[in-house]
Amino acid sequence: MDAAKRYFRSPAAVLGLILLLIVVGMAISAGYLYPRDPLALAGRPLIWPFANPRFLLGTDNSGRDIAAQIFHGARISLLIGGVATFIAVAIGIMVGALAGYYGGWVDNILMRITEAFQTLPNFVLLLVLVAVFGSTLTTVTIAVGIVSWPAPARLTRAEFLSLRSREFVQAGRTLGMRDTQLMLGEILPNALPPVVVYAGVVMAVAILLESALAFLRLSDANVASWGNLIGLGRDVLRVQWYVSAIPGVAILITVLAVSLVGQGLNDALNPRLKQR
């Protein structure tokens, strides 16, 4: 309850939560407001927003309803962001927990692997994975998760290194608890808050990575994606700029919302700020 009170004291965190709930509401209501296939032809190509009451946000190059693609694209962005974040955080926690708890040669090997992943920029590695394994929605989601785990791993390792010598861990060892019990039952619950907070950053980056892939036409073209719509509008950017601008604003709002919620959670859960 105290954490919730601290969260709602921040206007920015509340704004982020409201924006995120709006995006989630769009994703939930997409099937009801726009039951047809969002990629089906709906009218004349390149109708400007508000020029036709049937198409409030206009139509794209092929005559597809932009509003329908925006609402259905919210599902894709949240799905990719959520699943990719889960994959990245799960791998990061596993690697970071093992490295931080055992130290020594285990830590050295796992951190060298982590550094090897970080030598290449995330997007370059993502391009390689998509080129090798294909550009289906499932492949893209898994690939985004795979390239995003090093940062959560380093954060988890740092938390485990600071917690493994605490009194409650020593007491557990004295009682004969196994390593897995100490790691999962004692240390991990205390190490999770900063990792959960950082998951918001991972989710925001995951949405941007998928949008960048779609803009380059390397993502799944058979789904209504904000990035796909931006890439489609690139061909008419000088004249019908709204085709790219509208999904761009949707991505901006979603990333901003996730970032503000993550910052709000950090302020609410950070023990150094609890006395303020």
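In this predicted model, ring pairs tie Trp-48, Trp-241 and Tyr-242 together into a cluster. Take Trp-48 and Trp-241 to begin with: their ring centres sit 5.7 Å apart with the planes at 80°, so this pair counts as edge-to-face. The two tryptophans come from distant parts of the chain, with Trp-48 in the loop between H2 and H3, Trp-241 in the loop between H10 and H11, and 193 residues separating them. Neither ring is hidden away: Trp-48 is partly exposed at 35% relative accessibility, and Trp-241 is partly exposed too, at 47%.

The aromatic pairs come to six in total. Another of them brings Phe-117 up against Trp-149, again edge-to-face, at 5.0 Å from centre to centre and with 65° between the planes. Phe-117 belongs to helix H4 and Trp-149 to the loop between helix H6 (137–147) and H7, so this pair ties together parts of the chain that are 32 residues apart in sequence. The two partners differ in how much of them shows. Phe-117 is partly exposed, with 28% relative accessibility, whereas Trp-149 is buried at 5%. Aromatic faces also meet charge here: Arg-234 lies over the face of Phe-215, 4.8 Å from the ring centre.

Now for the packing inside. The largest nonpolar core contains 30 residues, and the ones with the most contacts within it are Ile-66, Ile-70, Ala-74, Trp-226 and Val-243. Helices H2 (11–33), H3 (66–102), H9 (179–215), H10 (226–233) and H11 (242–269) are the elements that each give two or more residues to this core. H11 supplies the largest share, ten residues. Grouping of this kind fits a broader pattern, as nonpolar side chains tend to be buried together in soluble globular proteins.

What does Val-243 touch, once its neighbours within four places in sequence are set aside? The list runs to Leu-46, Thr-59, Asp-60, Asn-61, Ile-66, Leu-229, Gly-233 and Val-236. Ile-66 is on that list and is also among the residues with the most contacts inside the core. Apart from this core there is a second, separate one of 14 residues, which includes Val-89, Leu-163, Leu-182 and Ile-187.

Ser-77 is worth a look as well. This serine lies in helix H3 and is buried, at 2% relative accessibility. Beyond its neighbours within four places in sequence, Ser-77 is in contact with Ile-207 and Trp-226, and Trp-226 is one of the core residues with the most contacts. Ser-77 and Ala-27 are 50 residues apart in sequence, yet their C-alpha atoms are 9.2 Å apart in space.

That leaves the charged pairs. A search of the whole structure turns up five salt bridges. In one, the side chains of Arg-64 and Asp-60 meet at 3.1 Å, N to O. Is this pair buried or exposed? Arg-64 counts as buried at 17% relative accessibility, because the cut-off for that label is under 20%. Asp-60 is buried as well, at 0%. Asp-60 also turns up among the contacts of Val-243, a residue of the largest nonpolar core.

A second salt bridge joins Asp-107 and Arg-157 at 2.7 Å, N to O. This one links distant parts of the chain, since Asp-107 is in helix H4 (residues 104–118) and Arg-157 in helix H7 (residues 150–163), 50 residues apart. Asp-107 is buried at 9% relative accessibility, while Arg-157 is partly exposed at 22%.

Helix H4 has a salt bridge of its own, too. There the side chains of Glu-115 and Arg-112 meet at 2.9 Å, N to O. Why do they lie about one helical turn apart? Glu-115 and Arg-112 are three residues apart in helix H4, which means a separation of about one helical turn. Both ends of this bridge are partly exposed: Glu-115 has a relative accessible area of 31%, and Arg-112 comes in at 44%. The link doesn't stop at two residues, either, as salt bridges with shared partners join Arg-112, Glu-115 and Arg-154 into one network.

Definitions and conventions:
Residues are numbered from 1 along each chain as its sequence is written. This is a predicted model: local features need pLDDT of at least 70, side-chain atom pairs count only at pLDDT 80 or more; totals for chains, interfaces and linings use all residues. Side-chain values use heavy atoms; hydrogens and water are left out. A nonpolar core is a set of buried Ala, Val, Leu, Ile, Met, Phe, Trp, Tyr and Cys residues joined through side-chain atoms within 4.5 Å. Buried means under 20% relative accessible area, exposed over 50%, partly exposed in between (1.4 Å probe, protein chains only). Helices (H or I, at least four residues) and strands (E, at least two) are DSSP runs, numbered from the N terminus. Contact means heavy atoms within 4.5 Å. A salt bridge is a side-chain nitrogen of Lys or Arg within 4 Å of a carboxyl oxygen of Asp or Glu. Rings of Phe, Tyr and Trp (its six-membered ring) pair if their centres lie within 6.5 Å; planes under 30 degrees apart count as stacked, over 60 as edge-to-face and the rest as tilted. A charge sits over a ring if NZ of Lys or CZ of Arg is within 6 Å of the ring centre and within 35 degrees of the ring normal.
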